[in-house]
Amino acid sequence: MYKEEWEAEWERVLWKKKPYPDNYVPRSFLSSLSRNPNFTPYTYGHLVVLSCPISQHLASIFVFLAVFMRLRQKLLDPRALVWISAGVFMTGYVTWEILNCARADSTARNINRAKTLKASILVFLALMSLSPVLKTLTAATSSDSIWALSASLFVLNALLADYTALRPRSNRRERLTSVLSMNAAISSSVVLASRLSDDISVFGLILFSVQTFALFPMLRRRIQDTARPLQIVVTALLSGLSLALTYPLSATATYLYAFSFIFVTFVAPAMLVWAQRYKNEIRGTWDPAVPKVYRRLSVSR
């Protein structure tokens with residue numbers, strides 16, 4: 001008979017002395033029950049656009065493998081590959097400058113240009129001097145071991161790659177997984193380059209791998225943050241280039257890439273949209289309070 005009075009006096013506190021027992025649960029306890037309070041449903045088109053960086057990375061791997069096979073089978077002149085790499089580097093650098101022209105002052109841009117030029121010359125000279133050594137790096141290793149090691153490293157590269165956007169003027173350090181991903185790709189490129197016959201082929205392939213797995217991911221992440229239409233165009237171009245280079249060499253590899261591209265770009269987003277209908281997160285008064293901390297932007301004087 002005291003239930004009505006207890007309902008009126010009930011509070012969610014234990015430090016006050018109350019006429020009802022501590023384990024008393026009123027009928028209004030579940031009145032604040034909510035399901036999926038902070039849930040925002042995904043749309044299929046948005047998820048397809050978010051999957052573009054993964055599709056670009058997979059296309060880059062298949063393009064690199066196609067270039068390696070053409071060099072190994074003497075179907076591609078290594079000197080032409082060096083010039084193509086130089087042209088792609090200039091195109092990517094101009095794109096980077098266009099994306100950054102409105103977000104950085106002229107002094108910072110000039111300093112970055114000088115650093116980029118110095119680093120490019122050092123990398124170019126280092127690769128030229130190391131090419132004869134890299135050509136004989138795995139001379140005592142069987143080809144089957146090289147193919148297995150290279151495939152494992154490329155799988156590790158794809159799994160650990162950083163697919164998030166790179167915001168300008170961000171002081172965030174590179175993730176450990178991103179560094180490991182780049183190291184795995186470069187290591188795989190080195191062991192593959194050791195199977196080529198001449199020094200200029202080794203130099204061209206390693207130079208192309210540095211651009212593909214070290215420089216292009218940075219440009220891809222910047223495009224992902226600033227120019228979404230360009231991101232879709234780059235995805236289409238890389239996918240078409242991968243299919244065009246892979247199909248004359250191996251139909252199996254072409255079908256493998258086509259299946260991977262379709263699954264990552266179109267099937268996986270559809271599966272996520274379908275699965276989100278089963279999301280059921282219940283929130284109520286029994287959940288611990290989450291403090292809201294507002295960080296003030298420090299203004300340097």
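The exercises below, each with a worked solution, concern a pocket, a helix and a serine in a predicted model. Local features need pLDDT of at least 70 and side-chain atom pairs count only at pLDDT 80 or more, whereas totals for chains, interfaces and linings use all residues. Residues are numbered from 1 along each chain as its sequence is written, and side-chain values use heavy atoms, with hydrogens and water left out.

**Exercise 1.** Determine which residues lie nearest the centre of the second largest pocket, and which classes line it.

*Solution.* A pocket here is an open set of points on a 1 Å grid over the protein atoms alone where a 1.4 Å probe fits, with protein on both sides within 12 Å along at least five of seven lines, and lining residues have an atom within 4 Å of a point. The lining comprises 23 residues, and Ile61, Phe62, Leu65, Phe154 and Leu256 lie nearest the centre. Two or more residues each come from helices H3 (52–72), H6 (143–160) and H10 (251–275), helices being DSSP runs (H or I, at least four residues) numbered from the N terminus.
By class, 18 lining residues are nonpolar (Ala, Val, Leu, Ile, Met, Phe, Trp, Tyr, Cys and Pro), five are polar and none is charged (Asp, Glu, Lys and Arg), with the others, Gly among them, counting as polar.

**Exercise 2.** Establish whether H3 is largely enclosed or not.

*Solution.* Of the 21 residues of H3, 17 are buried (under 20% relative accessible area, 1.4 Å probe, protein chains only), so this helix is largely enclosed by the rest of the structure.

**Exercise 3.** Place Ser188 and find its contacts.

*Solution.* Ser188 belongs to helix H7 (residues 176–193), and its relative accessibility of 0% makes it buried. Neighbours within four places in sequence aside, Ser188 is in contact (heavy atoms within 4.5 Å) with Ser150, Leu153 and Phe154.

Technical notes:
Buried means under 20% relative accessible area, exposed over 50%, partly exposed in between (1.4 Å probe, protein chains only).
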